[in-house]
Structures are given as structure tokens and as C-alpha cells.
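Me: I would like to learn how to read a few features in a structure like this one, beginning with burial and moving on to charges and rings. Could you take me through them one by one?

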Amino acid sequence: QVQLVESGGGLVQAGGSLRLSCAASGNIFTVNAMGWYRQAPGKQRELVATITSGGITNYADSVKGRFTISRDNAKNTVLLQMNTLKPEDTAVYYCNADLRTTLGYRSHYWGQGTQVTVSS
């Protein structure tokens, strides 16, 4: 069994910062790409940022220059540092991991989501 547990969401004023953290645990053999996605009310879930096991990053245009994704491979954790937050960043943020279990199964796993609210 694999679990992704997120933390760090909350309420912040526009221009402020938050840091999200996600830890993967359980019967994990290897973790490939990890990332963050978000879903605002009435909208589809969208990619925010991803990072490969080798550290190659990819960002949505809307967050480039403001958000930074990083990871600790030894701890199977991924962080999202969010600076200069805007009201349009308000959403539920989900952690995602492409991983292979000790039984050999490879799949994408999702966290439960953490709410980020940016007030104007």
C-alpha cells in the first residue's frame, strides 16, 4: 500500500508565500517523477509543476518565476515553494507520484489534497 500525505496549505494574503510538502510512503521500490497539480472550483485539475528523479523540472506558465519545486529522493518527498501568491492561485493542491511498488506495479498515486486560499 502506498500513501501520499500533503501538508502546508492554508490562507495567505496576495503577495505572500506558502510551502507545500508531500511525503510518499509504503511499499515503494522506486519513485520516478513527482509533481503538484491544482483544481479550482468549477475548473479542471491542472499541472502546476513536476520534477523527475534526476531533478529536471517543468512548470505551468502561470507559476513560472514564482513557484519552485524540489525533492528529496532519499525521503521520497517533494516540496513546492510558492511565492508572490495571487488570488487566482486559490485551489486544492494535489501531490502526484509516478512510482513502482515492491510488487512491481507502476502507477500514478495521488495525495488527498490541501487547500490553498489567497485573499486579495
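Reply: Let us begin with burial: a residue is called buried when its relative accessible area is under 20%, exposed when that area is over 50%, and partly exposed in between. Please keep in mind throughout that this is a predicted model. Val116, which is found in strand β11 (residues 114–119), has a relative accessibility of 0% and therefore counts as buried.

Me: Which residues is Val116 in contact with, leaving aside its neighbours within four places in sequence?

Reply: The list comprises Gly9, Gly10, Leu18, Leu20, Met82, Asp89, Thr90, Ala91 and Tyr93. For one of these, Asp89, the C-alpha atom is separated from that of Val116 by 7.6 Å, although the two residues are 27 apart along the chain.

Me: How should I read the pairing of strands, and which strands does β8 pair with?

Reply: Pairing is read from the bridges between two strands, of which at least two are needed. Strand β8 (residues 77–82) pairs in the antiparallel sense with strand β3 (residues 18–26) over six bridges, and Ala23 has Thr77 of β8 as its bridge partner. Strand β7 (residues 67–72) also pairs with β8 in the antiparallel sense, over six bridges, with Thr68 standing opposite Gln81. In the hairpin that β7 and β8 make, four residues lie between the strands, and Asn76 takes a positive phi near 55°.

Me: Which salt bridges should I look at, and how many are there?

Reply: The test is a side-chain nitrogen of Lys or Arg within 4 Å of a carboxyl oxygen of Asp or Glu, and the count comes to five salt bridges. Asp89 forms one with Arg66, where the closest N and O atoms are 2.8 Å apart. Since Asp89 lies in the loop between β8 and β9 and Arg66 in the loop between β6 (57–59) and β7, this pair ties together parts that are 23 residues apart in sequence. Asp89 is buried, with a relative accessible area of 0%, and Arg66 is buried at 10%. Glu46 forms another with Arg38, at 2.7 Å between the closest N and O atoms; here Glu46 is partly exposed at 38%, whereas Arg38 counts as buried at 6%. Arg38, Glu46, Arg66 and Asp89 are linked in a network of salt bridges. Elsewhere, the side chains of Arg106 and Asp98 meet in a salt bridge of 2.7 Å, N to O, and Asp98, found in strand β9 (residues 91–101), is buried with a relative accessible area of 9%.

Me: What surrounds Glu6, which is buried yet has no salt bridge?

Reply: For Glu6, in strand β1 (residues 2–7), the nearest side chain of opposite charge is Arg45, 7.7 Å away. The side chain of Glu6 instead has a polar atom 2.5 Å from the backbone nitrogen of Cys95, and it also reaches the backbone nitrogen of Gly113 at 2.5 Å. Beyond four places in sequence, the residues that Glu6 touches include Cys22, Trp36, Tyr94 and Gln112.

Me: How is a pair of aromatic rings described?

Reply: Such a pair is described by the distance of the centres and the angle of the planes. This structure holds one aromatic pair. The rings of Tyr37 and Trp110 have centres 5.1 Å apart and planes at 65°, so the pair is edge-to-face. Because Tyr37 lies in strand β4 (residues 28–39) and Trp110 in strand β10 (residues 106–110), the pair ties together parts that are 73 residues apart in sequence. Trp110 itself counts as partly exposed, at 38% relative accessibility.

Notes:
Residues are numbered from 1 along each chain as its sequence is written. This is a predicted model: local features need pLDDT of at least 70, side-chain atom pairs count only at pLDDT 80 or more; totals for chains, interfaces and linings use all residues. Side-chain values use heavy atoms; hydrogens and water are left out. Helices (H or I, at least four residues) and strands (E, at least two) are DSSP runs, numbered from the N terminus. Buried means under 20% relative accessible area, exposed over 50%, partly exposed in between (1.4 Å probe, protein chains only). Contact means heavy atoms within 4.5 Å. Lys and Arg count as positive and Asp and Glu as negative; His and the chain ends are not counted. A polar contact is a pair of N or O atoms within 3.5 Å; within protein, one must be able to donate a hydrogen and the other to accept it, and residues adjacent in sequence count only if both atoms are side-chain atoms. Rings of Phe, Tyr and Trp (its six-membered ring) pair if their centres lie within 6.5 Å; planes under 30 degrees apart count as stacked, over 60 as edge-to-face and the rest as tilted.
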